[in-house]
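Here are some exercises to work through with the model open in front of you. Try each task yourself, then compare your steps with the solution.

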Amino acid sequence: MKTIKDVFLSFQQSLAEVYDRRETEAIALLVLEEITDLSRSKIKAFTEDEITGEASEKIHLILEELKTGKPVQYILGTTEFYGLNFLVNPATLIPRPETEELVQWVLEESKKLKIKNQKPLPVLDIGTGSGCIAISVKKNLPEAVITAIDISPEALHMAIKNALINDVEVEFIHDDILKTQSVIVNSTYDIIISNPPYVTLDDKLLMHQNVTNFEPHNALFVPQNDPLVFYKAIADFAVGRLSNNGLLFFEINENFGKETIELLSNKGFINTELRQDMSGRDRMIMACAPPKPF
């Protein structure tokens, strides 16, 4: 019979060429939690405890997939984001911790807008993927009216499931912000949020294979010669569709913070703020809608 300690050791030995030691330990912990139903604290405290043969076989199969570089979230089919559980598959990006920071910022500013406007906030999430941003905002701001769009029918299917799992109501629409034709063009929003594709081909060379080989390319990559293509389109859309004092939030490529601020300024946005993520990288921007002519 294998012990918990044996599992950690086998993960370290088998994944040494794929992940560093800290990442490997975190992955092993995640897999053990999922397969054994033990809490994280019990797994760490009782490393000499034995694992059943059935659990051991499941862990072995997962380890074989992990050796190919496939992300553990896709293998398990779930991940956690902002304290909620989300289904994920290769049609959706895996939600990142820095995006949780964006959601936190959105919620902080939403509460201020809510006090100011005294009405339910209409919110639009562009490029929703798994639905993690839209669903997390709705869960924490139940009175908000949330709409979310994505170009991928497969991603939307997953987002709809995630809304059901987390017991929230979000309107999901199949649409392409580069040539939108849906009802969103005739609606007004207090908040527009987007974590659009922003990875250039140069960035791709520095990325881990578990991202480049497995996550959806249409949600990640942009042309090297036009890295802000989605930011331009979303900013143009937001100029006409944000309410007075409406806010635009972006997650951004850390290498294009200055350029993104300049783009927004050129389109009339005001009070633009650039924030760094927990790793000290330029990662998110908030901007206020251009003043409306009277």
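**Exercise 1.** Find which residues of strand 2 form its covered face and which its uncovered one.

*Solution.* Strand 2 turns Leu-84 and Phe-86 to its covered face, while Asn-85 and Leu-87 form the uncovered one. Strands (E, at least two residues) and helices (H or I, at least four residues) are DSSP runs, numbered from the N terminus. In a regular strand the side chains alternate between the two faces of the sheet.

Before you go on, a word about the model: it is predicted, so local features need pLDDT of at least 70 and side-chain atom pairs count only at pLDDT 80 or more, while totals for chains, interfaces and linings use all residues. Residues are numbered from 1 along each chain as its sequence is written, and side-chain values use heavy atoms, with hydrogens and water left out.

**Exercise 2.** Work out how strand 1 and strand 2 pair, and what joins them.

*Solution.* Step one: strand 1 covers residues 78–81 and pairs with strand 2 in the antiparallel sense, over four bridges. Two strands pair if DSSP finds at least two bridges between them. Step two: pick out a bridge, such as the one between Thr-78 and its partner Leu-87 in strand 2. Step three: look at the turn. The two strands form a hairpin with two residues between them, and Tyr-82 in the turn has a positive phi of about 50 degrees.

**Exercise 3.** Trace the strand order of the open sheet of seven strands and name its edges.

*Solution.* Step one: the order is 5-4-3-6-7-9-8, and the pairing is mixed. Step two: the edges are strand 5 (171–174) and strand 8 (270–276), each of which pairs on one side only. Step three: take one pair inside the sheet. Strand 3 (residues 122–126) pairs with strand 4 (residues 145–150) in the parallel sense over five bridges, and Leu-124 stands opposite Thr-147 of strand 4. Step four: see what packs on the sheet. Helix 11 (residues 229–241) touches strand 3, strand 6 (189–194) and strand 7 (242–251); contact means heavy atoms within 4.5 Å. The direction of helix 11 makes about 165 degrees with that of strand 7, where axes are lines fitted to C-alpha atoms (for helices, over the stretch in contact) and angles run from 0 to 180 degrees between N-to-C directions.

**Exercise 4.** Is Ser-194 buried or exposed, and what does it touch?

*Solution.* Step one: find Ser-194 in strand 6. Step two: its relative accessible area is 0%, so Ser-194 is buried. Buried means under 20% relative accessible area, exposed over 50%, and partly exposed in between (1.4 Å probe, protein chains only). Step three: leaving aside neighbours within four places in sequence, Ser-194 is in contact with Ile-126, Ile-234, Phe-249, Phe-250 and Glu-251.

**Exercise 5.** Which residues have the most contacts inside the largest nonpolar core, and which helix gives the most to it?

*Solution.* Step one: a nonpolar core is a set of buried Ala, Val, Leu, Ile, Met, Phe, Trp, Tyr and Cys residues joined through side-chain atoms within 4.5 Å. Step two: the largest one has 33 residues, and those with the most contacts inside it are Ile-135, Val-137, Val-170, Phe-172, Ile-191, Ile-193 and Phe-249. Step three: among the elements that each supply at least two residues are strand 2, helix 6 (97–117) and helix 7 (132–140). Helix 6 gives the most, with six residues. Step four: another core, of 32 residues, lies apart from this one and includes Ile-149 and Tyr-231.

**Exercise 6.** Describe how helix 2 and helix 4 pack.

*Solution.* Step one: helix 2 (residues 21–36) and helix 4 (residues 53–66) pack at an angle of about 140 degrees, with their axes 10 Å apart. Step two: the residues making the contact include Ile-27 and Val-31 of helix 2, and Ile-59 and Ile-62 of helix 4.

**Exercise 7.** Locate Asp-37 and decide whether it is buried or exposed.

*Solution.* Step one: Asp-37 sits in the loop between helix 2 and helix 3 (40–45). Step two: its relative accessible area is 68%, so Asp-37 is exposed. Step three: check the backbone. Asp-37 has a positive phi of about 65 degrees although it is not a glycine. Most residues other than glycine have a negative phi.
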